[in-house]
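Visitor: Please take a close look at the pockets of this model, and at the helix packing that goes with them.

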Amino acid sequence: MHHNFIAGEWLAGADAAANINPSDTRDIVGQYARASQAQARTAVAAAAAAQPRWAALTPMQRSEALDHIGSELLARQGELADLLAREEGKALPDAAGEVLRAAHIFKFFAGEALRVGGELLGSTRANMTVEISREPVGVVTIITPWNFPLAIPAWKIAPALAYGNAVVFKPAELVPGCAWALAEIISRAGLPTGTFNLVMGRGRELGGVLLEDPGVQAITFTGSESTGRKVAQSAVGRPGAMAKFQLEMGGKNPLVVLDDADIEQAVACAINGAFYSTGQRCTASSRLIVTDAIHDRFVAGMVDAMKNLVVGDARAPGTVIGPVVDQSQLEQDLRYIGLGTQEGAKLASGGNAMEQWNGQPGFYLQPALFTETTPAMTINREEIFGPVASVIRVKDADEALKVANDTPFGLSAGVVTQSLKNAARFKRELQAGMVMVNAPTAGVDPHVPFGGRKGSSHGPREQGRYAAEFFTTVKTAYVNP
Ligand code: ADP
């Protein structure tokens, strides 16, 4: 049994849930406690009590703790990648990449903990000086989704701690294994008791406390748009002071392929962006917008390349595409595949669920490519969150840009072109938080800002130095000596 970590103690929960391997549903990764609401309250109180002690340590002490966490993640990369692949279904090489990224994030913020600076200005009043400094926000609730079981927790927990905040962390129900492993590492990093708390369980049960307890000053959330809205409503509508909040939600990311693209590069970007990590990335290239003159060659290249997308157990050698995360996500993917066909799109490749791989029962789905799709189709409007992509044929670059931006989302967008002029234009005019030139829309660096526009995100960016905007609050001090 894996317990919650609350106020420095490992505690059994109200009940427990089995963590199931989507590559083989007979395989139980472990039993994980589900916290009660009372325990969530205790976690918030413990965090509130610990936060001033954590903030009072020297920057070097905070830095060393974060560096220690990063080093242990690095040292245990193989073992943690195996756990990640086993509980979430991400193919092992991608899972190993995710562990590395989590480690790099802790190392990066170990550095940032030392670089919390300020400004010193003159005043409009004689002799007065003005000091601008950053202080911790206080207690931060961290709510994460299942698709990056280690990297997303890392990119929220590391900056929260680096800037002197205390944390109550609630991971997604489907992937408590990596969350627990990370919490166990953090529990040995020398933080004052109560600084970091792990509260596992169902969002809808714990949400009330984690979002509305007056001890919580800030909420950082990544997940679905509908839950994001609930988080926002709680943060604003709760009694007393509102909470600061940051939301990362869906995407419907366009990858534009122009006539002058290198065809091999275009196919490689689309295959990776659309299907790797089983398409379960909010930055996935789900809309492939292709100009007329290159369209048929691109589709032929995709269909050919998709033959190499070996679907299988996430941990089996040679697997490129692991299973879908669970039954309900698989049903959602299949429902959208059905809708695509009904609305007149042509299924050019894949789209079949396989109940077994090598005799193992799991949630396997052959990556699906739709062609002959229009921007108005449901499959081009709503986030599917699976290995499903559509090709939208357009006349030229002007139409490509219009279609690319015709979406309620704005997380990531890409263009494949060999023209500097086209690259510059799309980089400027794509309405997205992240723009990729000759690269997949997914796959981002750990040390630079991450986040989107429009319906994809709300609040300051995550990651890189920009994380300070959310995880600190600014104080302006006027000093008359
Ligand atoms: P996903 O489709 O990624 O599961 P969700 O938005 O349902 O997206 O879940 C993302 C995270 O939000 C999970 O950790 C989940 O437990 C949590 N969550 C779900 N409902 C609520 C809620 N009402 N309040 C707070 N957190 C919630």
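Guide: The pockets come first, then the helix pairs.

This is a predicted model, in which local features need pLDDT of at least 70 and side-chain atom pairs count only at pLDDT 80 or more, while totals for chains, interfaces and linings use all residues. Residues are numbered from 1 along each chain as its sequence is written, and side-chain values use heavy atoms, with hydrogens and water left out.

The largest pocket has a volume of about 1000 Å³. A pocket here is an open set of points on a 1 Å grid over the protein atoms alone, where a 1.4 Å probe fits, with protein on both sides within 12 Å along at least five of seven lines; lining residues have an atom within 4 Å of a point. Points are joined across faces, edges and corners, and the volume is the space filled by probe spheres set on them. The lining of the largest pocket comprises 41 residues, and Trp146, Phe221, Gly223, Ser224 and Thr227 are the closest to its centre. Two or more lining residues come from each of helix 7 (203-212), strand 10 (218-222), helix 8 (225-237) and helix 11 (327-342). Helices (H or I, at least four residues) and strands (E, at least two) are DSSP runs, numbered from the N terminus. By class, this lining has 15 nonpolar, 15 polar and eleven charged residues; Ala, Val, Leu, Ile, Met, Phe, Trp, Tyr, Cys and Pro count as nonpolar, Asp, Glu, Lys and Arg as charged, and the others, Gly among them, as polar. The largest pocket lies between domain 1 (4-249 + 456-479) and domain 2 (253-437), because both give residues to its lining. The domain bounds come from an automatic or database domain assignment.

The second largest pocket holds about 290 Å³. Its lining has 17 residues, with Arg101, Phe148, Ser277, Arg281 and Gly443 nearest the centre. Helix 4 (92-112) and helix 5 (151-162) each give two or more residues to this lining, and the largest share, four residues, is from helix 4. Seven nonpolar, five polar and five charged residues make up the lining of the second largest pocket. Domain 1 and domain 2 both contribute to this lining, so the second largest pocket also lies between them.

Helix 4 also packs against other helices. The axes of helix 2 (residues 59-75) and helix 4 come within 8 Å and cross at roughly 165 degrees. Axes are lines fitted to C-alpha atoms over the stretch in contact, and angles run from 0 to 180 degrees between N-to-C directions. Helix 2 is therefore roughly antiparallel to helix 4 (under 35 degrees is roughly parallel, over 145 roughly antiparallel, 65 to 115 roughly perpendicular, the rest oblique). Helix 3 (residues 77-88) packs on helix 4 at about 120 degrees, with the axes 8 Å apart, which means that helix 3 is oblique to helix 4.
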